[in-house]
Amino acid sequence: MIIPILHRDDRLVLVDKPSGLVVHRGWADDDGGVLVALRDQLGQRVWPLHRLDRGTSGVLAFALDDQTASVVGQAFADGRVAKKYLALVRGHPAEQLIIDHPIPAEPDGPRVPAVTEIRRLGTWERYALVEAIPHTGRLHQIRRHLKHIACPLIGDVNYGKGEHNRIFRERFGLHRLALHALSLRLPGIDGGAPVYAFAAPSGTLADCLRAMELLAVVPARDR
């Protein structure tokens, strides 16, 4: 499998992760998923900097050395990384909304503060396409927050609704989580320029949005 590369320099590589592929099986060195595919593709070791769920597609960042992994990993921990997602949901949320709702940071862990900014991009029948900007990085944060406002994510078997997931499988052939990491902006390293990558939705998700006449409202690449 060839992983599409969005940005590469001496310290970082940002890729467009396909839906259905884990980032790192077991989150242990050299054990499957995008990490091994990218390592083999580049012919060198890579360090994952964050996670995307198996069903989520879009921008995913890796470091090319352990020092960069430490520096950028701290930027993620400090909330200095800007992330934008697309999410297709059941219901019509407010045009703009801040969801401030504590959720666990890890499985079976205590609830901790979590904040997600939501912007409604367009609607189709009972559904809406939203832009989600997480201001914290908790486990399944966007998925949990969408459920919290009664606008569950399409294709989500854990926090969504089976009835609506079936509608999208049967009507649009969408057999995946309707969540896409649209863009990622990393702060500059050692005084360098910030690194930005953008991945437009593709495949069955793009086909579904096109059929719903929502593809045109997807935000363009930042300038």
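Here are some numbered notes on this structure, which is a predicted model.

1. Overall build. The protein chain has 5 helices and 12 strands. Its radius of gyration is 17 Å, close to the 17 Å that the globule rule gives for 223 residues, so the chain is as compact as a globular protein of that length. Along the principal axes, the C-alpha atoms fill a box of roughly 50 × 35 × 35 Å. Buried residues account for 48% of the 223. If you look at contacts with a separation of 6 or more, 61% of them come from residues 24 or more positions apart.

2. The opening hairpin. Strands β1 (residues 5-8) and β2 (residues 12-17) run antiparallel and are joined by 3 bridges. The two form a hairpin, with 3 residues between them. To find the pairing by eye, start at H7, whose bridge partner in β2 is L14.

3. Helix α1. This helix covers residues 33-42, and 7 of its 10 residues are buried, so it is largely enclosed by the rest of the structure. The buried ones are G33, V34, L35, V36, A37, L38 and L42. What do they pack against? The answer is four strands: β1, β2, β3 (47-48) and β4 (57-63). So the hairpin from point 2 comes back here, because β1 and β2 are among the strands that pack on this largely enclosed helix. Just after α1, G43 takes a positive phi of about 75°.

4. R176, a buried arginine. R176 sits in the loop between α4 (162-172) and β11 (179-186). This residue is buried but has no salt bridge. The nearest side chain of opposite charge belongs to D16, 8.0 Å away, and a salt bridge would need the atoms within 4 Å. What does the R176 side chain reach instead? There is a polar contact of 2.9 Å with the side chain of S57, and the backbone oxygen of L179 is reached at 3.0 Å. Leaving out residues up to four places away in sequence, R176 touches S19, G55, T56, S57, I154, G155, T204 and L205.

5. R143 and D156. Here is a buried arginine that does have a salt bridge: R143 pairs with D156, the closest N and O atoms being 2.8 Å apart. R143 is in helix α3 (residues 141-148) and D156 is in the loop between α3 and α4, so the pair ties together parts that are 13 residues apart in sequence. Both partners are buried, R143 with a relative accessible area of 8% and D156 at 1%.

6. Two salt bridges with partly exposed partners. By the rule used, the model has 11 salt bridges. One of them joins D78 to R80, with the closest N and O atoms 3.5 Å apart. D78 is partly exposed at 44% relative accessibility, and R80 is partly exposed too, at 46%. Another joins R210 to D207 at 3.0 Å. R210 and D207 both lie in helix α5 (residues 203-211), 3 residues apart, about one turn of the helix. Relative accessible area is 48% for R210 and 44% for D207. Salt bridges that share partners also join D53, R143 and D156 into one network, which takes you back to the pair in point 5.

7. I103. This residue lies in strand β7 (residues 103-104) and is buried, with a relative accessible area of 2%. I103 and R144 are 41 residues apart in sequence, yet their C-alpha atoms are 7.8 Å apart in space. Not counting residues up to four places away in sequence, I103 touches P110, R111, V112, A114, R138, L139, Q141, R144 and H145.

8. P187. You will find P187 in the loop between β11 and β12 (195-198). Is P187 buried or partly exposed? At 24% relative accessibility, P187 counts as partly exposed. A82 is 105 residues away along the chain, and the two C-alpha atoms are separated by 8.7 Å. Beyond residues up to four places away in sequence, P187 touches A75, R80, V81 and P194. R80 also turned up in point 6, as the salt-bridge partner of D78.

Technical notes. Residues are numbered from 1 along each chain as its sequence is written. This is a predicted model: local features need pLDDT of at least 70, side-chain atom pairs count only at pLDDT 80 or more; totals for chains, interfaces and linings use all residues. Side-chain values use heavy atoms; hydrogens and water are left out. Buried means under 20% relative accessible area, exposed over 50%, partly exposed in between (1.4 Å probe, protein chains only). Lys and Arg count as positive and Asp and Glu as negative; His and the chain ends are not counted. A polar contact is a pair of N or O atoms within 3.5 Å; within protein, one must be able to donate a hydrogen and the other to accept it, and residues adjacent in sequence count only if both atoms are side-chain atoms. Contact means heavy atoms within 4.5 Å. Two strands pair if DSSP finds at least two bridges between them. The radius of gyration is taken over C-alpha atoms; the globule rule is 2.2 Å times the number of residues to the power 0.38.
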